[in-house]
Amino acid sequence: MSSTAAVTAAASATTEPDPARHRTAELEQRILRAPDRFRVMTGDRPTGPLHLGHYFGTLHNRVRLQDLGVDVFVIIADYQVLTDRDVADRLTEHMEAMVLDYLAVGIDPDRSTIFHHSAVPALNQLMLPFLSLVSVAELNRNPTVKDEIAHSRQSAVSGLMFTYPVHQAADILFCKGNLVPVGRDQLPHLEVTRTVARRFNERYGEVFPEPDALLSAAPLLLGTDGTKMSKSRGNSVPLAATADETARLIRSATTDADRRITYAPETRPGVSSLVLLAALCLDRDPHAVAEEIGDGGAAALKRTVTEAVNSRMAPVRARRAELARDMGYVRSVLRAGNVRANEAAEATLGEVREAMRGVV
C-alpha cells in the first residue's frame, strides 16, 4: 500500500526549506521508535461516497499508522455536515457506507476506534469552553474557513461555519489526540486546536497536549472534470464503484489535445492526474508510466488507468462486498467505537470541569 515511488516523484518538485515537512520527518522517526506514545485523530464528513482521492490521500495512511502500533481514532463527523448545507441528506446511509469503506481498506476495529459526533455528547460539550478561548477576529481570519465559505452550497452561511475550527479542536482534544494527519490546507485549522490547548492550559492548568500536524505526502488527485476531486462535485471515482463504473468514469475524464503522454502537472493537469493515479495504483514513478504510454494518446492512457485502478481496488471491493452482506456487524463496529469514544470524552470533560472548577 505504500505507493512510494509515485508519491516521492510527485513531491520531488518542492525543494525549498519547509518547516512543516521537516517536523513531519522528525515525527515519522519518533513514531517508528515509540508508536504507543501517539494517538492519531482523523476523520471525514459523511456527505457522500469516499473515493480514490481519500484512498491515496488519507485512508491508506491511517492503516499504515494503525499497523505501526499507533492508537487511531476515526471520527465520522455527522454534526459538521450542517456547516455548509441546510440539511443532512441520507446521513445514516452515508455513515454506514463510510464504515464499510474503512473496514474494506484495512482499518481494524480491534486496533482503531471508529465513531460519530452525535453519539458522543461530552465531546460536543467541550465546544463552549473552547469557544471562550478564541476571538471572533481569529476565526474570521482563518483562511480555510474563508475557502469553505467561498465554496459553500448555502446562499447565506450559518454561524456553524465560523465555529468549525473550534469543533475540530474538540474532535482532536477530547481524546487527547497528539497527532493529526492533514494536508497543507488544513494547517490553519490545526493551529486553532493548538491555540485552544495552549490557552486552556495557561488559564486553567495542564490538561491537553498541543497536537502536531503529520503533513500528508500524498499529491492532489483531480476529479474527472479537472478540478479537485470531491464527494459533493460528482467528479470522483468512489471506492464502492464497480469495475465497469470505474471504466466509464475514467473514460469521461478531462485530458487535452496533445497525443504524446507526459507527466507535467503544472502544464497538463488533467493528463498528469490520470498518469499519477495509474502510478499510485502500480507503485511506480509517474514519469515512467507516461513514457511507457508514449504516443498512445488519451485512449491508451485511460485504458492503463482503468486497468491499474481495477487491479488495485479488486481486493478492497471483494472485502467490501463481503462486509456488506452482514450490516449487523458493520453497525456493531460503530456502536463499539461510540462506547470507547464516550469513555474518553467523559474522562476528558471531567478533567475540564475540575480544572475550571465546575463551570461546565
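**Close-up 1. Strand β2 of this predicted model, covered on both of its faces.** On one side of β2 sit Asp-71, Phe-73 and Ile-75, and on the other Val-72, Val-74 and Ile-76; every one of these residues is buried. Because 6 of the 6 residues in β2 (residues 71-76) are buried, the strand is largely enclosed by the rest of the structure.

**Close-up 2. The strands that pair with β2: β1 and β3.** Have a look at Ile-75 here, a residue of β2 with a partner in β1 and another in β3. Strand β1 (residues 39-44) runs parallel to β2, and the two are joined over 6 bridges. Within this pairing, Gly-43 has Ile-75 as its bridge partner. Strand β3 (residues 112-116) also pairs with β2 in the parallel sense, over 5 bridges. In β3, the residue opposite Ile-75 is Phe-115. To follow the chain from β1 to β2, trace helix α3 (residues 52-68): β1, α3 and β2 together form a right-handed β-α-β unit.

**Close-up 3. Helices α12 and α14 packed against each other.** Two numbers set the scene for α12 (residues 269-282) and α14 (residues 297-324): an angle of about 35° and a distance of 8 Å between the axes. Their crossing is left-handed. On the α12 side, the contact is made by Val-271, Leu-274, Val-275, Leu-277, Ala-278, Leu-280, Cys-281 and Leu-282. From α14 come Leu-301, Lys-302, Thr-304, Val-305, Ala-308, Val-309 and Arg-312. Sorted by class, the contact between α12 and α14 holds 12 nonpolar, 1 polar and 2 charged residues.

**Close-up 4. Ile-293 of helix α13 and its contacts.** Helix α13 spans residues 286-293 and includes Ile-293. With a relative accessibility of 13%, Ile-293 falls under the 20% cut-off, so Ile-293 counts as buried. Setting aside residues up to four places away in sequence, Ile-293 touches Ile-261, Ala-300, Leu-301 and Thr-304. Two of these names may be familiar from the previous view, as Leu-301 and Thr-304 also take part in the contact of α14 with α12. For another distance to check on screen, try Arg-260: its C-alpha atom is 8.2 Å from that of Ile-293, although the two residues are 33 residues apart along the chain.

**Close-up 5. Thr-163 in helix α9.** Our last stop is α9 (residues 160-173), the helix in which Thr-163 is placed. Thr-163 has a relative accessible area of 17% and is buried. Apart from neighbours within four places in sequence, the contacts of Thr-163 are with Met-127 and Leu-131.

Note on methods: Residues numbered from 1 in each chain as written. Predicted model: local features only at pLDDT ≥ 70, side-chain atom pairs only at ≥ 80, totals over all residues. Heavy atoms only, no water. Axes fitted to C-alpha atoms, helices over the stretch in contact; angles between N-to-C directions. Helix = DSSP H or I, 4+ residues; strand = E, 2+ residues; numbered from the N terminus. Left-handed = near helix turned anticlockwise from the far one by under 90°. Contact = heavy atoms within 4.5 Å. Nonpolar A, V, L, I, M, F, W, Y, C, P; charged D, E, K, R; others polar. Buried < 20%, exposed > 50% of the residue type's maximum accessible area, 1.4 Å probe, protein only. Pairing = 2+ DSSP bridges. Right-handed = clockwise from strand over helix to strand, strands pointing away.
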